[in-house]
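The following note is intended for a colleague who is meeting this structure for the first time. Please read the numbered points with the structure in view.

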Amino acid sequence: MKIFGNQFDFVVKVLDARKYPVDAGADDDELLLRLEYARSYTKVIMQVVISTIVLVACFYLIFKSTDQAIQKASFGLIGTVIGYWLR
Amino acid sequence: MRKKIIFVTFVILVIISIPSYCFSFDNSNIKDPTSCNNLMTSILLGSDGGSIYKLSPIADPELNNAGRYDYIEVDQLKLSNKSYRKKIIKTEGRVFYKGAQSITDAQEFFHSWVKSPKVIFAIPDDMDSIKNIYGTSLNDKDIQMIKKQIDSVHNSLQGINTLQQPHNSNEINVKYINSLITSETNDTIILVGHNHKGLLKLPNGESIDITKTQKFANKHNKTLLIISCNSFDYVDQNFEGLISIERLNYEAIVEGLKLAEKNRCNFTECTMYMGDYVYYLDQGIALNVEKNKKQKIQVKLVLTISVGGTATCTFIVLYEGEN
């Protein structure tokens, strides 16, 4: 069972299926799976965009805010985003 | 040393089933199938003494170093084993010639001429033909996605000027394919398409059996190259022709055809040996597959660097903050 890299693999599969939804055979299950991945393209783009926004916002808060609680929460959020992508 | 140099298009998969025979050049001398050690490996074909395809047998441990003129004998059961297939795929060959009778037949195949090939790319070009090939359960978005990809493949194909092809997908039907096989116009027919468990689906809804069509072509002494995913899984043990043991993208096949055609027309009168033609076809497909693999690695690298970089920056900020 893979511990790390599942999210990376998912992104790669989605991008590949988006580019090549069909190929030269050979069964219906594989076709439906590829189409399922291809449909997740928007989901992946949103994941990247939201992660970027959250990270930028957190780093901004860390540098600009003097409130320790806010900084702690920002570090926590950054850790959550990193953990999500490394799963 | 790059494995690409080591080329296994001509790894001949001679599928031996019981009962089976290994023939020497002298057909009266039938060998025991379990000891095919005396297959002829140096047969001069053709009166011009030109390209000589001397095929040499290799064993499993040598598979990684298989060259262009090597072949391996393997039985059907072994080739159904996934880990053995992965071993063959790692050799970077993409399409293989499967023989069933003798090496002589394989060598004759490689030594035949390709002068006027015709390609039939049995892919759809409108909504109805997409549904005919890929099923009626697709929604409009899926069909749009597929159409976008197929249009791109069609555009790439149009760029191969030297290869004859039907004007549109409506022309492609069983009758047309059979007429091409029986006519004298083209010496080589290349049939590419989506196969569903051994049945190649045509844009008009018809389908043809890969094994039967190849046999029909062999009977009429017509060279037919069928290129489709995992075709090996659905051909019988007596099948003789091109097979693949993995998934193939249309785009990769187009690249293979482009490379083969480009090299064919480097020679006088645009003629070359089938062995060379299939070599370039395979090389083109392999290059495209490699390119896709590299792109996937690049995506993973970008993601890893982004996440790793973020973690490092966070650690530095935290460390600086504490100090």
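**Strand pairing in chain B and its interface with chain A**

1. In chain B, strand β4 (residues 56–57) runs parallel to β5(B), and the two are joined by 2 bridges. It should be kept in mind throughout that the model is predicted. One pairing may serve as a landmark: B:P57 has B:Y71 in β5(B) as its bridge partner.

2. Strand β5 of chain B spans residues 70–74 and is mostly covered, with 4 of its 5 residues buried.

3. A second parallel pairing in chain B involves strand β9 (residues 188–193) and β13(B), which are linked by 5 bridges. Here B:I190 is matched with B:L225 of β13(B) as its bridge partner.

4. How many residues of strand β13 (residues 223–227) of chain B are buried? The count is 5 of 5. In a regular strand, side chains alternate between the two faces of the sheet. In β13(B) both faces are covered: B:T223, B:L225 and B:I227 are buried on one side, and B:L224 and B:I226 are buried on the other.

5. Attention may now turn to the meeting of the two chains. In chain B, 37 residues are in contact with 31 residues of chain A. The area buried between the two chains is about 3100 Å², and carbon and sulfur atoms give 68% of this area. Three residues, B:M145, B:R247 and B:V307, supply 20% of the area that chain B buries against chain A, which is more than any other three residues.

6. Polar and charged interactions are also present between the chains. There are 11 residue pairs in polar contact between chain B and chain A, counting pairs with both residues at pLDDT 80 or more. The count of salt bridges between chain B and chain A is 4. A salt bridge is formed by A:D16 and B:K296, whose closest N and O atoms are 3.8 Å apart.

7. Which elements of chain B give two or more residues to the side that touches chain A? They are α5 (140–158), β10 (195–196), α8 (250–264) and α9 (274–322). The largest share of this side, 14 residues, comes from α9(B). By residue type, the side of chain B that touches chain A divides into 17 nonpolar, 14 polar and 6 charged residues.

Conventions. Residues numbered from 1 in each chain as written. Chains lettered and ligands numbered in written order. Predicted model: local features only at pLDDT ≥ 70, side-chain atom pairs only at ≥ 80, totals over all residues. Heavy atoms only, no water. Buried < 20%, exposed > 50% of the residue type's maximum accessible area, 1.4 Å probe, protein only. Pairing = 2+ DSSP bridges. Contact = heavy atoms within 4.5 Å. Buried area = accessible area lost by both parts, 1.4 Å probe. Salt bridge = Lys/Arg side-chain N within 4 Å of Asp/Glu carboxyl O. Polar contact = N/O pair within 3.5 Å; in protein donor to acceptor, adjacent residues only side chain to side chain. Nonpolar A, V, L, I, M, F, W, Y, C, P; charged D, E, K, R; others polar.
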